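Trainee: I should like a close look at a single part of this model, with its surroundings described in turn. Please begin with how far the prediction can be trusted.

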Amino acid sequence: MISYPARKISTPDEQLNVLQITDLHLSAVSEDADNNLKSKSSCRYSFEAILKQALSENIRCDLILVTGDLVNEVKPAIYNHIFKVLQATNIPFACIAGNHDVTDETNSELPFFQRELIPQLADSRLLSRHVIDTDYWQLLLIDSAVPGKVAGEVTAVDIDWLCTQLSACNKPALIALHHHVLPMDSDWIDAHIADNTDSFWQRTAAFSHLRVIISGHTHQEQVRHHHGVTVYSTPSTCYQFKPYEDEFTYDNNARPGYRWLQLANNGQVASWVKRLDT
C-alpha cells in the first residue's frame, strides 16, 4: 500500500503527469453501496467512474490531486470510502479541504439564504501547507477553506508560507487550493472567491518560477493568465455550474470532468480537461 500523503515523486522520463479531480460531493449511503453505486449516489458513481476512465487512458498517472469538497456532509465514513478508493489505485495522492469539508448545511432543500451553515472540523487526512517535491517541480498545497463559510481565504500565514517555499526553491512551482483566486465573471460564484487575493498576487508576483495555480470550487472549466501564471479551474466529478451566469445556474449539459496536467522538466505545462464518457 502506498503511503499517504505523497511527499516525493520521481518519474522515469523527466515529466510529471498529474490527475486533478475536485468537488466530489459524496454523501453517506447504505452499507451495500459498493454493490449498487449508481442507484445510491450519482456523485459517488461518477467519482469512481472518472477514476476508472482517467486511469485507463494511454497516459501514465504519477500523482492524483484532490482539490476539495470531497464530501457533501462531514462524516468520517465518507472519507474512509474515498481514501480506500484512492489507495486502491496504488498511485501517490494528496487531498485538501474545500468549504463543504469544514461546513455542514441544514435544510439543503431550501434556498441557500435560508440554510444554516454549521462549522465543522476538517478530517485529519486533509492537508494544509504541504509540499510535494519532484525532480523538476515543487507542488505547494494550501487549505483555503473557512469553517462555516462558503467563501475561502488565503490567509497572511498561508502567503508567508508560500513565499518561504518559493524563496527556498527555484524549481517551477504549482499551487493547489480549493477556492478560485481570479474572478470567473459570474456574480454568484465570485461572491465566494478566496479572500485576500490582492495580497496573494502582490506577494507571489516576485517569483517568476510560479507557473501554475489549480483550484476547484467553481464546477466549471476555465483557463486564465495573470502575472505570468496560468490559472486553471476544473470541472466537478459530480454536477456542473453554468459559466458566465450571474445567478446560480446548473449546467445540465456538461458532464462530470477532470483535468490532466503534464509538467515538463523545463517548466512548460500542457493541460486539458476530459469529461466522463457515459
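Mentor: The protein has an average pLDDT of 94, and 93% of the residues score at least 70; pLDDT is the predictor's confidence in each residue, on a scale from 0 to 100. Residues 30-40 have a pLDDT below 50, and this stretch makes 10 contacts in the model beyond near neighbours in sequence, a contact being heavy atoms within 4.5 Å. Where pLDDT is low, the predicted coordinates should not be read in detail. This is a predicted model, in which local features need pLDDT of at least 70 and side-chain atom pairs count only at pLDDT 80 or more, while totals for chains, interfaces and linings use all residues. Residues are numbered from 1 along each chain as its sequence is written, and side-chain values use heavy atoms, with hydrogens and water left out.

The part to examine is strand 10, residues 173-176. Helices (H or I, at least four residues) and strands (E, at least two) are DSSP runs numbered from the N terminus. Strand 10 belongs to an open sheet of 7 strands in the order 1-7-8-10-12-14-13, with mixed pairing. The edge strands, strand 1 (8-9) and strand 13 (222-226), each pair on one side only. Two strands pair if DSSP finds at least two bridges between them.

Strand 10 pairs with strand 8 (residues 138-141) in the parallel sense over 4 bridges, and Leu140 stands opposite Ile175. Strand 10 also pairs with strand 12 (residues 210-215), again parallel and over 4 bridges; here Ala173 faces Leu210. Strand 12 in turn has a parallel pairing of 4 bridges with strand 14 (residues 229-233), where Ile214 is opposite Tyr232.

The side chains of Ala173 and Ile175 point one way from strand 10, those of Leu174 and Ala176 the other way, and all are buried, that is, under 20% relative accessible area (exposed is over 50%, partly exposed in between; 1.4 Å probe, protein chains only).

Two helices lie across strand 10. Helix 4 crosses strand 7, strand 8 and strand 10, at about 170° to strand 8. Helix 6 lies across strand 10, strand 12, strand 13 and strand 14, at about 155° to strand 12. Axes are lines fitted to C-alpha atoms, for helices over the stretch in contact, and angles run from 0 to 180 degrees between N-to-C directions.

In helix 4 (residues 156-168), the buried residues include Ile159, Trp161 and Leu162. Their cover includes strand 8, strand 10 and helix 6 (197-204).

Conventions
Expected span 1.5 Å × (residues − 1).
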